[in-house]
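Welcome, and take a moment to turn the structure around before reading on. The report below starts where two chains meet and then moves inward.

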Amino acid sequence: MKTYTRRTFAVLAAGIVVAGALTGCGSGSGDGDGKVTLTFANADPAATWAKVIEGFEAKNPDITVKQLNVPYAQFTSTINQRLSQGGGGGIDLFAVDTGVAVDFYNRGFLADLSDMRADATAAAVSPDMVEQNVIDGKLVAIEAWTTSQFLYYNKDLLDKAGVEAPPSDPTQPWTWEQLAAAAEKVKAANAAQYAFLFDQWDTYYQLQPLGVSAGGGNGIDGDQVSFSNPGWQRALSWYHDLFEKGLSPRGITNDKNGALFQEGKAAFLVSGPWGLTQAVAGKLNFGIAPEPYFAGGKPATSTDSWSVGISAKTDNLEAAKKFLRYMTIDPTGNAESAEVAAITPTNRHAYERYAAKATAAGGDAAKNFGTIMEYQLQNNAIHRPSVVGYSVFEPGANKMFADIRNGTDPKKAAEQADSSIEDQLKRLK
Amino acid sequence: MADTAHRSAVALNDAAADRPAARPPVTRAKRRRARRDTALAFTLLAPALVAMVTMRVVPMFSAVWQSVQQLSLSQGRTTFAGLENYRFLLTNSDFHSVLLVTLVFNLVLNPAIVVLSTALALLLSQRIPWVGLWRSLVFVPAAVPGVVVTPIWSTALQPDGLVNAVLRAVGLPAQPFLTSSSQALFSIGIMVTWGALGYWMIFIIAGLKDIPESLYEVAMLDGAGWWRRLFSITLPLLRRPMSFVLIACTVGSFLIFAPVQILTKGGPNGSTNLIMYDIYNNAYQIGDLGVGQAEVVVLMLILAVIVAIQFRLLREDSK
């Protein structure tokens with residue numbers, strides 16, 4: 001039956017087309033011959049790390065560093081795929097996202113860097129930056145960059161609403177309740193289009209400090225997920241009410257918040273060090289205060305950025321360690337690594353230069369920027385939890401935050417997230 | 001009569017032409033030439049075949065293979081899991097909701113696109129001034145990549161955005177759109193339709209051009225009005241292009257990803273968690289490649305069934 005076969009073929013062909021569209025993925029391979037060429041996999045554009053590579057190669061003419069730049073969305077899966085291969089997929093060093101170090105270590109991807117631990121700790125702005133990457137007593141990655149969060153405010157808009165600005169003393173942060181009350185005044189006075197913005201709505205990075213500060217912990221302990229606990233419920237209800245009361249907008253994606261503050265459309269913004277660049281670019285009359293905390297709780301601030309680890313399967317361990325040392329423990333190299341991304345370096349000397357430069361660029365308004373950041377990094381920075389399956393936990397948490405922002409009851413959303421994340425965690429153990 | 005005679009003469013001629021070729025046994029030289037032709041054909045087709053095998057067939061089989069594997073995060077080992085990933089999916093209420101959302105979305109969206117693009121094609125094939133301009137304007141959204149259009153829609157649809165400003169200006173209440181679980185999927189549907197209409201309209205216009213003008217002339221001589229001509233001539237003869245649009249559009253709509261990823265990330269409360277986004281979430285965000293690939297296989301099966309049904313309808317239509 002001619003028509004029958006043709007139709008079957010057409011259906012099959014349609015299936016093949018669909019399958020192709022669904023699954024396209026590729027794999028490559030690096031080379032590991034006698035000469036020392038290191039491959040460094042990261043999730044940034046090549047220009048970001050080019051400067052530190054140039055600096056390193058100039059001092060180490062026998063070592064060449066090649067980059068493997070993978071888009072962020074595919075980065076973790078690419079690392080999983082290539083490092084599972086026999087030779088480690090030709091990768092010598094790779095960027096390690098906060099939270100995934102435990103999973104990478106358990107999969108046998110990360111070389112032991114314990115012999116660098118003392119030097120790394122001595123060089124870091126704060127020792128816990130190094131400690132967070134210690135698993136089973138072994139150092140498995142070293143953080144090159146870090147972040148913190150600040151409360152930025154637009155002085156003109158606060159004046160218009162008759163709201164007193166928060167103090168810039170790092171030991172005297174506002175409470176989240178004070179911030180909400182001030183935002184309500186701004187709204188009542190109709191002084192700004194938006195009273196308060198977070199830089200990154202609905203992300204665990206941004207909201208983890210709220211739960212921790214309210215006494216709810218990280219929301220995960222081993223394989224127990226607990227956004228339903230009283231501390232997290234307090235934090236989530238506060239978040240929920242921001243939108244119910246119209247202090248913060250729904251439906252605005254995270255690419256826009258910084259720009260809205262920069263254009264003078266928001267009175268308050270909680271954002272990272274990059275918020276300073278935006279405020280300066282907007283020629284705003286602005287000020288900087290430490291990140292708020294919950295009344296009666298302890299101050300807690302978001303932190304961390306990319307760490308770099310060495311593949312357990314590399315043939316060039318010594319050369320890789322040299323490069324990693326230059327990138328993190330050497331002040332010049334660490335400064336070079338952070339320069340293009342305009343992000344905060346973790347090395348204390350590099351940090352001092354960075355903070356001085358940022359403060360100078362921000363003028364009078366930014367005179368406490370460096371002090372606040374250093375204080376927060378050393379006293380109340382909270383790292384994302386070192387748990388097996390963090391990559392499962394985070395997207396589930398983010399989904400819950402988004403639902404609460406859109407009006408779902410915090411208790412209902414938390415119960416749903418707790419059970420749904422626990423189910424998925426069980427599968428992956 | 002004359003026509004029949006002519007036709008049989010042609011048939012006779014054809015038969016005469018066929019006979020000498022059929023009679024002598026095939027010589028070795030000829031066979032060699034045939035073989036050479038086949039080899040040449042394969043050589044010329046090779047790039048396309050290699051691309052098809054490596055980029056379509058291999059991924060399909062690898063999806064099936066990976067869908068029976070499971071990754072242990074604590075040991076980092078991938079082991080054979082049999083049908084465990086499928087069992088997890090089929091008993092998981094989140095996945096049931098993904099399937100429901102995807103099916104409802106497609107059941108409403110695809111017929112709507114076919115009807116609307118046909119209506120637009122009919123409208124823009126009338127003799128109206130500047131028809132080329134109108135057609136181009138309708139087509140423009142199809143030429144703009146989704147990742148460019150989506151952020152613009154996101155700004156327009158935000159609660160204090162352009163669309164609500166227009167609604168308020170005409171005295172209607174503002175709507176939550178993407179921030180409400182009852183309106184988000186509908187809003188994405190509108191966006192997709194806006195982008196797709198112009199593209200599918202072109203196919204229907206091509207179909208309209210294929211309908212012989214003489215049929216309309218005869219119908220008009222018989223006194224058929226516009227509606228009569230639409231239902232008795234235009235629509236029946238448009239069945240094939242319309243069926244093609246329905247099939248191609250269904251496959252495309254099942255694979256919608258960018259608007260969900262950019263606008264709603266599957267929320268609020270899973271109301272826009274279309275299957276492609278859920279696959280991405282499982283495979284790339286959570287890192288559960290096995291379940292992601294099992295979902296891919298389920299999606300392939302669903303699509304194969306739907307496309308088979310649509311092909312069947314297409315065949316019966318042509319009887």
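In this predicted model, 46 residues of chain B are in contact with 43 residues of chain A. On the chain B side, the elements that contribute two or more residues are helix 2 (28–66), helix 6 (146–157), helix 13 (275–286) and helix 14 (289–318) of chain B. Helix 14 of chain B has the largest share of that side, with nine residues. Sorted by class, the residues on the side of chain B that touches chain A are 25 nonpolar, 15 polar and six charged.

Now for chain A as a whole. Chain A has 18 helices and 17 strands, and its C-alpha trace spans about 70 × 70 × 40 Å along the principal axes. How does its radius of gyration fit a compact globule? For 429 residues such a globule would have a value near 22 Å, and chain A, with 24 Å, agrees with that. Of the 429 residues of chain A, 57% count as buried. Among the contacts in chain A with a separation of 6 or more, 75% are between residues 24 or more positions apart.

Chain A is divided into two domains, and each is built from two stretches of the chain. Here they are side by side:

| Domain of chain A | Residue ranges | Residues in the contact between the domains |
|---|---|---|
| Domain 1 | 37–145 + 305–363 | 10 residues |
| Domain 2 | 150–302 + 389–428 | nine residues |

The centres of domain 1 and domain 2 of chain A, taken over C-alpha atoms, are separated by 29 Å. Where they touch, the contact takes 10 residues from domain 1 of chain A and nine residues from domain 2 of chain A. On the domain 1 side, helix 4 (101–106) and helix 15 of chain A each supply at least two residues. Helix 15 of chain A gives the largest share of that side, three residues. By class, the side of domain 1 of chain A that touches domain 2 of chain A holds five nonpolar, four polar and one charged residues.

Next comes the interior. The largest nonpolar core has 187 residues, and the members that touch the most others are A:Ala183, A:Phe196, A:Ala267, A:Phe268, A:Val308 and A:Phe323. Helix 8 (residues 184–210) of chain B gives the most to this core, 10 residues. The core also draws at least three residues from each of domain 1 and domain 2 of chain A. One of its best-connected members, A:Ala267, touches residues including A:Tyr153, A:Leu157, A:Ala183, A:Val186 and A:Phe196, leaving aside residues up to four places away in sequence.

A closer look at one residue can help you find your way. Is A:Trp232 buried or exposed? A:Trp232 counts as buried because it has 25 C-beta neighbours inside 10 Å. A:Trp232 is found in helix 10 (residues 230–244) of chain A. Not counting residues up to four places away in sequence, A:Trp232 touches A:Gly211, A:Ala214, A:Gly216, A:Gly219, A:Ser226, A:Phe227 and A:Ala414. A:Asn347, 115 residues apart from A:Trp232 along the chain, has its C-alpha atom 33 Å from that of A:Trp232.

Finally, visit helix 14 (residues 331–339) of chain A, whose buried residues are A:Gly333, A:Asn334, A:Ala335, A:Glu336, A:Ser337 and A:Ala338. What covers the buried residues of helix 14 of chain A includes helix 2 (46–59), strand 7 (145–146), helix 13 (317–328), strand 16 (344–345) and helix 15 (348–362) of chain A.

How values were computed: Residues are numbered from 1 along each chain as its sequence is written. Chains are lettered from A and ligands numbered from 1 in the order in which they are written. This is a predicted model: local features need pLDDT of at least 70, side-chain atom pairs count only at pLDDT 80 or more; totals for chains, interfaces and linings use all residues. A nonpolar core is a set of buried Ala, Val, Leu, Ile, Met, Phe, Trp, Tyr and Cys residues joined through C-beta atoms within 7 Å. A residue is buried if 20 or more other C-beta atoms lie within 10 Å of its own, exposed if 12 or fewer, and partly exposed in between; C-beta atoms are placed from the backbone. Helices (H or I, at least four residues) and strands (E, at least two) are DSSP runs, numbered from the N terminus. Domain bounds come from an automatic or database domain assignment. Two residues are in contact if their C-beta atoms, placed from the backbone, lie within 7 Å. Ala, Val, Leu, Ile, Met, Phe, Trp, Tyr, Cys and Pro count as nonpolar, Asp, Glu, Lys and Arg as charged, and the others, Gly among them, as polar. The radius of gyration is taken over C-alpha atoms; the globule rule is 2.2 Å times the number of residues to the power 0.38.
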